[in-house]
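Reader: I'm new to this one and would like to go through it slowly. Could you show me the structure before we start talking?

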There are 2 protein chains.
Amino acid sequence: MSNSTNDAEIEAAIIALERAALDRWGKGDPWGFTELSADEVTYFDTGTEHRVDGIQELRRLYTPREGKIKIERYDMLNPKVQVHGDTAVLTFNLIDHIRTAIEQTDERWNATEVYCRIDGKWKIIHTHWSYTNISS
Amino acid sequence: MSNSTNDAEIEAAIIALERAALDRWGKGDPWGFTELSADEVTYFDTGTEHRVDGIQELRRLYTPREGKIKIERYDMLNPKVQVHGDTAVLTFNLIDHIRTAIEQTDERWNATEVYCRIDGKWKIIHTHWSYTNISS
């Protein structure tokens, strides 16, 4: 098997893992992401005042969000996976179409997910979410 | 040499590379970062409307900033390096103390730099800059 075939398989596997976690997230279930994350995970998003370190701290951050999120549909734009051995860096822009009783809005994100193969399983070791600049 | 000693050396090397690029950036020289980045680099920051792909696109983004930046001092807060083989994920919070004729402000950042050892040299393959949330 050539390296490029191998990389294409890794790319598809990583994107499928991310989509499965995003699907759960959009239904108010944040635990897809914590199940996919390694104990050592580090994490930034627009709501944090400093880096979140470790799976326990991430679980605490997500607990108040359980059942609160309702994303009708999302668009994962232009996903790219940079594979280097047992590391795969997934990046994409995301549009969340949020539809709740009190909120109907679209949110645009820059997304970074660093996956590492640990004991044969792909796990997220770093996440960074930020808002996309919309100047146009 | 134990793995942990080795990782500590990698950690120190990665932070030194990042600081050298930040030092140049603060003096109006953005090219420290492009010299440190691999051809394949992917890039997000608060000013981009979508992911920047590749060193040429990053050079185009940085060209208008040459000579425009003046950061008197910066604080790299709580840097962490997650080493997995030839990959090292550097994360930190950054405070830029900006002092120009027209601007005196502090900017607070979440910073992600994914380094890979390529042909024996550590290179950035992904960068993500976003503003830290300041609720307090």
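**A walk through the model**

Reader: Let's start somewhere small: which residues does A:Gly54 touch, not counting residues up to four places away in sequence?

Author: Leaving out those sequence neighbours, A:Gly54 touches A:Asp39, A:Glu40 and A:Val41. Please keep in mind as we go that this is a predicted model.

Reader: Where is the place of A:Gly54 in chain A?

Author: A:Gly54 sits in the loop between strand 2 and helix 3 of chain A. There are 15 other C-beta atoms within 10 Å of A:Gly54, and it is therefore partly exposed. For a sense of distance, the C-alpha atoms of A:Gly54 and A:Arg108 are separated by 26 Å, and the two residues are 54 residues apart along the chain.

Reader: ok, and the sheet around there, what order do its strands have?

Author: Chain A has an open sheet of six strands in the order 2-1-6-5-4-3, and the pairing is mixed. Strand 2 (52–53) and strand 3 of chain A stand at the edges with a single partner strand each, so one side of each has no neighbour in the sheet.

Reader: In which sense do strand 1 and strand 2 of chain A pair?

Author: They pair in the antiparallel sense, over two bridges. Within this part of the sheet, A:Thr42 has A:Asp53, in strand 2 of chain A, as its bridge partner. Helix 3 (residues 55–62) of chain A packs on the sheet here, where it touches strand 1 and strand 2 of chain A, and its direction makes about 60 degrees with that of strand 1 of chain A.

Reader: Now the other edge. How many bridges join strand 3 of chain A to strand 4 of chain A?

Author: Eleven bridges join these two strands of chain A, which run antiparallel. One residue to look at is A:Met76, whose bridge partner in strand 4 of chain A is A:Leu94. The hairpin of strand 3 and strand 4 of chain A has two residues between the strands, and in this hairpin A:Gly85 takes a positive phi near 60 degrees.

Reader: What is A:Ile71 in contact with, leaving aside its neighbours within four places in sequence?

Author: A:Ile71, which has its place in strand 3 of chain A, is in contact with A:Gly26, A:Asp96, A:His97 and A:Ile98 once those neighbours are left aside. It counts as partly exposed because it has 19 C-beta neighbours inside 10 Å, and a residue would need 20 or more to be buried. A:Ile71 and A:Trp31 are 40 residues apart in sequence, and from C-alpha to C-alpha they are 15 Å apart in space.

Reader: You mentioned a positive phi. Which residue in strand 3 of chain A is A:Asn78, buried or exposed?

Author: A:Asn78, whose place is in strand 3 of chain A, is exposed, with 11 other C-beta atoms within 10 Å. Its phi is near 55 degrees, which is a positive value in a residue other than glycine. A:Asp119 also has a positive phi, of about 50 degrees, although it is not a glycine. A:Asp119 lies in the loop between strand 5 and strand 6 of chain A, and it is exposed, with 6 other C-beta atoms within 10 Å.

Reader: Switching to chain B: how many residues of strand 1 (residues 37–44) are buried?

Author: Six of the eight residues of that strand of chain B are buried, so the strand is largely enclosed by the rest of the structure. Strand 1 of chain B runs parallel to strand 6 (residues 121–131) of chain B, and four bridges join them. B:Phe44 stands opposite B:His128 in strand 6 of chain B, while B:Tyr43 stands opposite B:Val52 in strand 2 of chain B.

Reader: And how many residues does the contact take from chain A and from chain B?

Author: The contact takes 32 residues from chain A and 32 residues from chain B. By class, the side of chain A that touches chain B has six nonpolar, 21 polar and five charged residues. Of the interface residues of chain A, 100% are also interface residues in chain B, so the copies meet through the same surface.

Reader: By what turn can chain A be laid on chain B?

Author: A turn of 180 degrees, with a shift of 0.0 Å along the axis, lays chain A on chain B with an RMSD of 0.0 Å. That is the relation of a two-fold axis. A:Ser130 comes closest to the rotation axis of the residues of chain A, at 3.0 Å (C-alpha).

Reader: Last one, what ipTM does the predictor give the complex?

Author: The predictor gives the complex an ipTM of 0.94 and a pTM of 0.94. For chain A the mean pLDDT is 93, and 96% of its residues reach 70 or more.

Definitions and conventions
Residues numbered from 1 in each chain as written. Chains lettered and ligands numbered in written order. Predicted model: local features only at pLDDT ≥ 70, side-chain atom pairs only at ≥ 80, totals over all residues. Contact = placed C-beta atoms within 7 Å. Nonpolar A, V, L, I, M, F, W, Y, C, P; charged D, E, K, R; others polar. Least-squares fit on C-alpha atoms with pLDDT ≥ 70 in both. Pairing = 2+ DSSP bridges. Axes fitted to C-alpha atoms, helices over the stretch in contact; angles between N-to-C directions. Buried ≥ 20, exposed ≤ 12 C-beta atoms within 10 Å, placed from the backbone. pLDDT = per-residue confidence, 0-100.
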